[in-house]
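Here is a friendly walk through a few buried spots and strand pairings in one model. Have your viewer ready and follow along.

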Amino acid sequence: MTGFGTVAVHGDDGLIPGGAVAPPIAQSVTFSAESDEQFTAIATETRGSAFYTRYGNPNHAQVAAVVAELEGAQTGLVTASGMGAISTLALTLLSAGDHVVVQRSTYGGTTSLATGLLPRFGVSYTQVDQTDTAAFERAMRPRTRLVLLETPSNPLLELTDLTAVAELAHAADALVVVDNTFATPINQRPMALGADLVWHSGTKFLGGHSDVSAGVIVGSAELVERVWQTAIVTGSTLGPVDAWLLLRGIRTLPLRVQRHNDNALALARALEDHPAVARVRYPGLPSHPQHALAGRQMTGFGGVLSIDLRAGRAGAAALLAGLRLAKRAASLGSVSTLVVHPRSMWAGIVDAEQLAAAGIGDGLVRVSTGIEDTADLVDDFLAAADRATGD
């Protein structure tokens, strides 16, 4: 395989017109044809980029090609957000009477989709502990069509054994869809481990600068075409400027992810023995119960960790208030370090019982490390942690 850095910079070389080094923004919503025959051709082309932007756009094609190659997939498409991606996937692959298996520890929006929205349309679900591979097998039913995975999970950094679960799912004729937002293809490639489709909130690490909302879906040409047919009906269309921003962010993805990895590991090590901290959740620590699995299926451990404060909500509040460099903000994967109290953030989309069942406690703080100097970041968190102990 060509190296990640080369793919990130050159994966769309054949799709950039006119010799431009930076791709032009194709702002046009619609594209003209010279003849009836040409119009028919562009209007009926699958995932074409020269008919109507809801169907496709040159900037869409460029970014989708790069992410697909990074993930080792045949092809891809883009949507207006990560939730646009997973919702479009679900609407494509599920019908009334079908059944979904979903992890208990996963992004709140995915939980809300599986447990709140889909049942309204006759789709049932079973939630499982992702750390228990046998639980996936027990959850399978004759009408199980989809297994929704996220590893590492948001916000508990738990892992799913992708190879083992994919084998179980495929034996039951179910498709495996993996949210690879946390890991990015630089740290983990689910397609190589058995996934059928991979999706990202491109808003996060792929974009990397907190300036674009986007989703990306990659997989086989056959499955992506089916998803595209749904996407042009639901209209979760990524704007050309946003696609251009997403691609610009991806150009530096391998470089940024290495710094994210380094900062998260350094911060996890520094906080693990701090008296204010009950537990640090990070796959790169030997103390993580699935550290060996992380070593098998990941090449880096990611830029996100979670911290359980001994003083619960009061400790979390003191830590957040004491930080100088980190910003208290939703989302993750930015060049800036972002911190959030998950129980507060998701209270509006996931009920208290589900939060408790997912293990999201009052003292949990999620940290998405940026690309600041490592020593400065560690000093900032250690000083804030001292405040969380009352020292």
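In this predicted model, the side chain of threonine 79 reaches the backbone nitrogen of alanine 85 at 3.3 Å. This is a polar contact, that is, a pair of N or O atoms within 3.5 Å; within protein, one must be able to donate a hydrogen and the other to accept it, and residues adjacent in sequence count only if both atoms are side-chain atoms. Threonine 79 is found in strand E1 (residues 75-79); helices (H or I, at least four residues) and strands (E, at least two) are DSSP runs, numbered from the N terminus. With a relative accessible area of 1%, threonine 79 is buried, where buried means under 20% relative accessible area (1.4 Å probe, protein chains only). Leaving aside residues up to four places away in sequence, threonine 79 touches several residues, including Ala214, Val216, Ser236 and Leu238; contact here means heavy atoms within 4.5 Å.

A word on the ground rules: residues are numbered from 1 along each chain as its sequence is written, and side-chain values use heavy atoms, with hydrogens and water left out. Because the model is predicted, local features need pLDDT of at least 70 and side-chain atom pairs count only at pLDDT 80 or more, while totals for chains, interfaces and linings use all residues.

Now to glutamine 130, in the loop between strand E3 (124-128) and helix H6 (133-139). Glutamine 130 is buried, with a relative accessible area of 1%. Residues touching glutamine 130, beyond those up to four places away in sequence, include Ser105, Phe136, Glu150 and Leu159.

The polar contacts of both side chains are listed here.

| Side chain | Partner | Distance |
|---|---|---|
| Threonine 79 | backbone oxygen of serine 81 | 2.7 Å |
| Threonine 79 | backbone nitrogen of alanine 85 | 3.3 Å |
| Glutamine 130 | side chain of glutamine 103 | 3.0 Å |
| Glutamine 130 | backbone oxygen of glutamate 158 | 3.0 Å |

What makes helix H5 (residues 108-117) largely enclosed by the rest of the structure? Seven of its 10 residues are buried, among them Gly108, Leu113 and Ala114. The buried residues of H5 pack against elements including helix H4 (82-93), strand E2 (99-103) and helix H15 (352-357).

Strand E5 (residues 175-179) is also largely enclosed, because four of its five residues are buried. E5 pairs with E4 in the parallel sense over five bridges; strands pair if DSSP finds at least two bridges between them. Leucine 149 has valine 178 in E5 as its bridge partner. E5 and E6 also pair in the parallel sense, over three bridges, and valine 177 stands opposite leucine 197 in E6.

Definitions and conventions. Buried < 20%, exposed > 50% of the residue type's maximum accessible area, 1.4 Å probe, protein only.
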